[in-house]
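Q: I would like to learn how to read a ligand site and a sheet from a model. Could you walk me through one?

A: Gladly; let us look at it together.

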Amino acid sequence: MLGNFTYCNPTKLYFGKDALNNLGAELSQYGKNVMLVYGGGSIKKNGIYDKVLSVLHASGKVVTEDGGVMPNPTSEKLADGCEKARAAKADLILAVGGGSVCDYAKAVSVSAYCGDDPWEKYFIRMEDVDDGTKIIPVGCVLTMVGTGSEMNGGSVITNHAEKLKIGHVFGENVFPKFSVLNPEFTFTLPKYQMVSGIYDIMSHILEQYFSGTDDNTSDYIMEGLLRSLIHSADIAVENPTDYEARSNIMWIATWALNTFVAKGKETDWEVHMLGQAVGAHTDATHGMTLAAVSLPYYRYILPYGQPKFARYAVNVWGVDPAGKTEKQVAEEGLDEMEKWMKKIGLVMNISDLGATEDMLKGITGSTLVMEGGYKVLTEEEIYAILKASL
Ligand code: NZQ
Ligand code: ZN
């Protein structure tokens with residue numbers, strides 16, 4: 001049942017092989033000081049850095065570089081970035097990289113002038129940006145596909161001292177003003193990162209699909225997105241430079257988490273809470289943490305949402321329901337999903353990501369409990385799911 005909602009997505013997207021040609025016109029809308037944010041150096045190896053810098057110079061910008069954003073950006077790095085942005089009097093933060101770089105750019109944009117400890121304010125107390133706080137506009141040139149950060153207000157920051165990895169979903173005033181999506185920019189991703197991103201996309205869709213019992217258009221849209229994702233992922237794993245497959249994957253990623261399919265619907269997000277807790281203790285790659293906890297979680301909650309799991313089996317995995325009970329159909333769907341996950345090379349156990357049995361209590365303590373899915377987990381249940389994921 002669709003309730004009351006407002007839908008507005010202010011991010012302008014430029015998609016395709018020629019997408020970067022639009023960067024100059026976008027830059028002309030901002031002041032001269034640009035803070036160029038990037039990760040550990042992949043953009044220097046694959047030439048994207050040179051391409052972006054030449055547009056920045058041709059546009060007459062004064063560029064301050066802030067490189068070295070690590071996968072799973074930290075609260076310490078955020079504090080450094082805020083200082084840099086203030087010193088540079090940044091009129092625009094241009095993020096060139098994956099979700100980590102885009103998330104970090106958004107965090108700096110709301111934190112540089114917030115006058116408070118951003119970790120405490122936005123990630124622990126979960127406060128909004130105060131009225132009147134200057135928000136530095138962000139633009140993205142995406143190089144890794146998965147998070148949807150290019151068209152949403154999400155920003156996930158890790159605090160290693162506190163063993164917490166927490167996301168804050170900011171409002172439309174924090175969404176990137178524009179994002180450049182050229183599928184070819186993702187061709188140099190190592191296979192591990194590519195499939196991790198593919199599973200991140202799948203998980204974003206499933207987090208929004210496995211909730212509610214109403215007849216909701218978003219569920220039909222998500223089944224279509226999932227079918228297209230599975231089809232294109234199979235092609236991309238065989239041939240990573242297949243433009244058609246990679247461009248479809250890039251577009252699905254954006255729609256999986258740009259708020260559209262969540263409107264008028266309950267959502268779960270417990271897989272992300274489990275995965276982020278694993279990430280806080282291991283610093284493992286985001287999509288792989290999700291892959292490793294998903295099946296134990298879904299098998300555990302299946303009895304609480306059985307009709308939806310059966311629908312998923314039939315509409316997404318093509319399970320033939322003839323002569324089977326609903327439970328059998330639902331379980332067969334998860335079995336098909338497991339086979340596919342193994343086939344594309346996902347990590348299926350948290351022990352392969354560095355988690356050990358003696359860490360399980362701590363990881364359980366770092367797992368936030370969500371209330372929108374088919375089962376609100378107790379601490380004992382979280383522990384049991386993590387144990388089954390080892
Ligand atoms: O740092 P560099 O050298 O650039 O290397 C990166 C990094 O090591 C590399 N890479 C990126 N583009 C490349 C490339 N290597 C070769 N060629 C390219 N074209 O890939 C590695 C991973 O990059 P990262 O940005 O960390 O990956 P991802 O896009 O998966 O982002 C992960 C972060 O996003 C958060 C995650 O928790 C994690 O912190 N998320 C953000 C969300 C959001 N904003 O809504 C939602 C997600 O659920 C997620 O939680
Ligand atoms: Zn994710």
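Q: Which of the 31 residues around ligand 1 come nearest?

A: Keep in mind that this is a predicted model. Gly40, Ser42, Gly99, Ser100 and Asp103 come nearest among the 31 residues around ligand 1.

Q: How do the residues of the shell divide into nonpolar, polar and charged?

A: The shell around ligand 1 has 20 polar residues, eight nonpolar ones and three charged ones.

Q: Which polar atoms lie by a nitrogen atom of ligand 1?

A: For a polar contact, look for N or O atoms within 3.5 Å of each other. Phe185 has a backbone N or O atom 2.9 Å from a nitrogen atom of ligand 1, and Leu189 has one at 3.5 Å from a nitrogen atom of the ligand. Ser149 brings a polar side-chain atom, 3.4 Å from a nitrogen atom of ligand 1. As for cover, ligand 1 taken alone exposes 960 Å², and the protein buries 89% of that.

Q: Where does ligand 1 lie with respect to the domains, and why?

A: Ligand 1 lies between domain 1 (12-185) and domain 2 (191-389), because both give residues to its shell. Elements that each supply at least two shell residues include α5 (99-111), β6 (154-159), α7 (191-209) and α10 (270-282).

Q: Now the sheet: what is the order of its six strands?

A: In general, strands of a sheet pair through backbone hydrogen bonds, either parallel or antiparallel. Here the open sheet runs β1-β8-β5-β4-β2-β3, with parallel pairing. At the edges are β1 (12-15) and β3 (62-66), each pairing on one side only. On average, neighbouring strands of this sheet are turned by 20° against each other, direction ignored.

Q: How many bridges join β4 to β5?

A: Five bridges join β4 (residues 92-97) to β5 (residues 138-142), and these strands run parallel. To find the place by eye, look for Val96, which stands opposite Val141 in β5.

Conventions:
Residues numbered from 1 in each chain as written. Chains lettered and ligands numbered in written order. Predicted model: local features only at pLDDT ≥ 70, side-chain atom pairs only at ≥ 80, totals over all residues. Heavy atoms only, no water. Near = heavy atom within 4 Å. Polar contact = N/O pair within 3.5 Å; in protein donor to acceptor, adjacent residues only side chain to side chain. Areas by Shrake-Rupley, 256 points an atom, 1.4 Å probe, with all protein chains shown as cover. Helix = DSSP H or I, 4+ residues; strand = E, 2+ residues; numbered from the N terminus. Nonpolar A, V, L, I, M, F, W, Y, C, P; charged D, E, K, R; others polar. Domains from an automatic or database assignment. Pairing = 2+ DSSP bridges. Axes fitted to C-alpha atoms, helices over the stretch in contact; angles between N-to-C directions.
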